[in-house]
Amino acid sequence: MHPPFASIVLVVSLACFSLAFPLLQNSGITTSPSAANGQTFDYIIVGGGLTGTTVAARLTENAGMTVLLIEAGADDRNDPRIYDINKYGEFFASINGATYTRGSKEQYDAWSMLLEPSEANVGWNWAGLWGYMKKSEAFSSPNNVQASKGAQFIDTYHGYSGPLGVTFPEPSAMYGGPQQPNFISTIVGLTGIKHTKDVNGGTPNCVSMTPITVNWRDQGHRASAPEAYFNPVENVRTNWLTLTKHQVTKINWSGSTLPLTATGVEFAPTSGGATRYTAFARREVIVAAGAIQSPALLQLSGIGDPSVLGPLNITTRINLKTVGRNLQEQPMSALGATSNGFDVKGRGPPNAIAFPNLSQVMGAQANATAAKILKNIPTWAASQADAGLSAAALETIYGVQADLIINKNAPVSEIFYDTGYPTTVGIIMWNLLPFSRGAVTLKSADPFVYPSIKVNYFAADVDLDVQVATARLSRKILTTAPLSTLTTGEAIPGNKVPDNAQRGTDAAWKAWIKQNFVTVAHPVGTAAMMRRSLGGVVDAQLRVYDTTNVRVVDASVMPMQISAHLSATLYGIAEKAADLIKASQ
């Protein structure tokens with residue numbers, strides 16, 4: 001298994017109608033721009049991924065509201081690979097890793113701390129989001145076979161009537177060999193981390209057998225936003241039109257006086273070219289293109305830093321220089337040992353994951369690392385000021401992040417036991433909460449030219465310290481009983497990081513990590529929901545500052561990383577966003 005990618009699943013739909021407006025001339029899923037060109041919809045949603053599909057489904061519950069969803073990709077529902085939970089890695093265009101976990105209560109509570117005090121009651125905190133995460137969920141508790149293989153749950157942590165299937169791997173496929181229990185026992189013995197029944201209650205500092213997003217009503221096929229939110233209403237939801245293989249190239253505006261009001265969008269075939277089409281939005285434009293393309297679209301539409309837009313001959317409509325900044329991404333390293341031939345008893349996917357805190361990762365160096373973080377916040381903020389609003393703003397944000405790590409027990413690393421990658425007995429691991437910040441920046445006014453993505457991995461040196469310590473802990477796990485009884489020895493990194501009493505020198509680990517890490521593909525933060533004085537791009541209503549009717553609903557609004565995979569949180573964000581939008585109707 002490879003690291004989970006942010007979902008970019010596609011959605012299909014039927015025609016739109018409105019109780020107050022004429023029936024649209026075209027209906028259903030289409031690749032023809034004429035179905036939308038010149039037409040008016042209540043809402044235009046940019047991007048058919050997890051959040052865009054979820055919001056579209058909820059808004060079209062009102063038959064009087066019409067929705068146009070524009071998706072750059074194709075309708076791939078007929079490709080069987082997207083439904084096979086074990087085909088991850090073969091079809092990155094439409095699927096993610098399916099792991100379903102949530103961050104810590106305090107991490108969500110911190111979001112409200114970064115908003116204006118007057119916005120605290122909007123509910124961007126654990127209490128306000130947990131219900132929405134459960135609203136999306138159709139959890140199925142483990143049966144006797146799954147329970148015998150280690151699956152456990154806590155009833156009150158889950159929702160049972162939502163669209164999204166969440167359960168454990170299919171009973172006959174779920175690994176029943178000794179490898180996952182041995183991994184759990186080994187890391188518990190080495191670190192003292194708790195083995196808990198369920199990671200999804202807001203206290204993820206534990207090791208657990210985690211659920212995954214699969215449709216347990218459909219032979220354990222992968223559950224995605226279109227599978228969950230669209231397929232069940234495909235034949236009855238007639239007010240939702242999807243245009244695929246087309247890309248929104250900019251948002252159109254009415255006038256130039258702030259706050260700006262969007263009139264609709266310009267779009268074009270994904271294949272490129274000079275042809276442009278226009279669709280009109282009666283109410284709102286909702287941007288849900290992900291943490292890379294959403295800030296790129298805002299910049300193409302004149303929202304961003306004048307020093308970036310000016311040289312590209314893009315007129316600055318709103319001076320909001322933090323669009324695209326605050327990018328946070330995680331670096332993944334993979335270690336593995338050679339199997340001694342034991343029977344893994346199943347085909348997976350794997351689902352044993354540990355989320356250790358700073359003390360459990362750093363061991364005797366935990367206090368020194370905490371002191372280093374606090375001491376170096378001003379230095380990191382100053383050196384990365386161009387990835388935020390200012391050094392002072394970054395210092396404030398870093399202070400919140402440091403408090404979560406040092407005082408609130410936020411897990412700093414993920415250690416994912418993987419049967420089969422990079423070897424039969426494998427571990428993939430990453431620093432969950434990097435202090436390094438980057439940016440997504442246009443390099444051309446051509447919307448088909450991919451933006452510049454500068455992540456700045458390890459720009460804050462403590463990020464590499466945590467990655468090294470997590471790699472060293474992973475080596476200990478692979479070479480300590482009971483997990484080590486299943487192997488003939490470490491294969492990766494092996495002699496590329498020679499073992500010693502320290503379990504590899506810092507220098508050797510740093511060199512190997514820098515040469516071999518890959519992205520986890522969990523980008524967040526590039527249109528952050530924060531007060532404007534901290535570099536926020538959207539307010540607590542997810543509305544872009546200085547606009548009346550443009551919202552962003554995707555991972556780019558998350559101001560900081562969380563100690564979890566993103567999908568459970570993003571479903572919650574999308575469900576909450578839909579209610580915020582409905583409340584303003």
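Buried here means under 20% relative accessible area, a cut-off that helps with the first view of this predicted model.

**View 1. Strand β3 is covered on both faces.** Start with the short stretch from 67 to 70, which forms strand β3. Val67 and Leu69 lie on one side, Leu68 and Ile70 lie on the other, and all of them are buried. Now look for the partner of β3: strand β2, residues 40-46, runs parallel to β3 and is joined to it by 4 bridges. To find your place in the pair, look for tyrosine 43, which stands opposite valine 67. In general, strands of a sheet pair through backbone hydrogen bonds, either parallel or antiparallel.

**View 2. Three strands form an open antiparallel sheet.** The order of the strands is β15-β20-β21. At the edges are β15 (325-327) and β21 (452-454), each of which pairs on one side only. Neighbouring strands of this sheet are turned against each other by 30° on average, direction ignored. Helix α7, residues 290-300, packs on the sheet and touches β20 and β21. The direction of α7 makes about 50° with that of β20. Between β15 and β20 (residues 438-441) there are 2 bridges, in the antiparallel sense. Here leucine 327 stands opposite glycine 438 of β20.

**View 3. Two residues in the loop between β21 and α12 have a positive phi.** Asparagine 456 is in this loop, and its phi is near 65°. Phenylalanine 458 is found in the loop between β21 and α12 too, with phi also near 65°. Why are these values worth a look? Most residues other than glycine have a negative phi. How do the two residues stand with respect to the surroundings, buried or partly exposed? Asparagine 456 is partly exposed, because its relative accessible area is 25%, whereas phenylalanine 458 counts as buried at 13%.

**View 4. Helix α10 bends at asparagine 376.** This helix covers residues 366-383, 18 residues in all. From its first C-alpha to its last, α10 reaches 24 Å, close to the 26 Å expected at 1.5 Å a residue. Follow the helix to asparagine 376 and you will see a bend of about 50°. Proline 378 follows within four residues of that point. The buried residues of α10 are Ala366, Thr369, Ala370, Ile373, Asn376, Ile377, Trp380 and Ala381. An α-helix has 3.6 residues a turn, so residues three or four places apart point the same way. The cover over the buried residues of α10 includes α9 (358-362), α11 (391-406) and α12 (461-478).

**View 5. Arginine 475 is a buried residue of helix α12.** Arginine 475 sits in helix α12 and counts as buried because its relative accessibility is 1%. A polar atom of the arginine 475 side chain lies 2.7 Å from the backbone oxygen of valine 497. Leaving out residues up to four places away in sequence, the residues that arginine 475 touches include Leu335, Glu490, Asp499, Arg503 and Trp509. Also among them are Pro493, Gly494, Val497, Pro498 and Gly504.

**View 6. Helix α14 is largely enclosed by the rest of the structure.** Residues 567-583 make up this helix of 17 residues. The span of α14 from first C-alpha to last is 24 Å, close to the 24 Å expected at 1.5 Å a residue. Why is α14 described as largely enclosed? Of its 17 residues, 14 are buried, so the rest of the structure largely encloses α14.

**View 7. Glycine 189 is exposed in helix α5.** Look for glycine 189 in α5, which covers residues 179-191. Glycine 189 is exposed because its relative accessible area is 65%. Proline 482 is 293 residues apart from glycine 189 along the chain, and their C-alpha atoms are separated by 9.7 Å.

**View 8. Two loops hold a proline after a cis peptide bond.** Leucine 258 and proline 259 are joined by a cis peptide bond with omega about 0°. Proline 259 belongs to the loop between β10 (246-254) and β11 (261-269). The peptide bond from glycine 348 to proline 349 is cis too, with omega near 15°. You will find proline 349 in the loop between β16 (331-339) and β17 (352-354). As background, most peptide bonds are trans.

Terms used: Residues numbered from 1 in each chain as written. Predicted model: local features only at pLDDT ≥ 70, side-chain atom pairs only at ≥ 80, totals over all residues. Heavy atoms only, no water. Expected span 1.5 Å × (residues − 1). Bend = angle between axes of the 7 residues up to and from the residue. Buried < 20%, exposed > 50% of the residue type's maximum accessible area, 1.4 Å probe, protein only. Contact = heavy atoms within 4.5 Å. Pairing = 2+ DSSP bridges. Axes fitted to C-alpha atoms, helices over the stretch in contact; angles between N-to-C directions. Polar contact = N/O pair within 3.5 Å; in protein donor to acceptor, adjacent residues only side chain to side chain.
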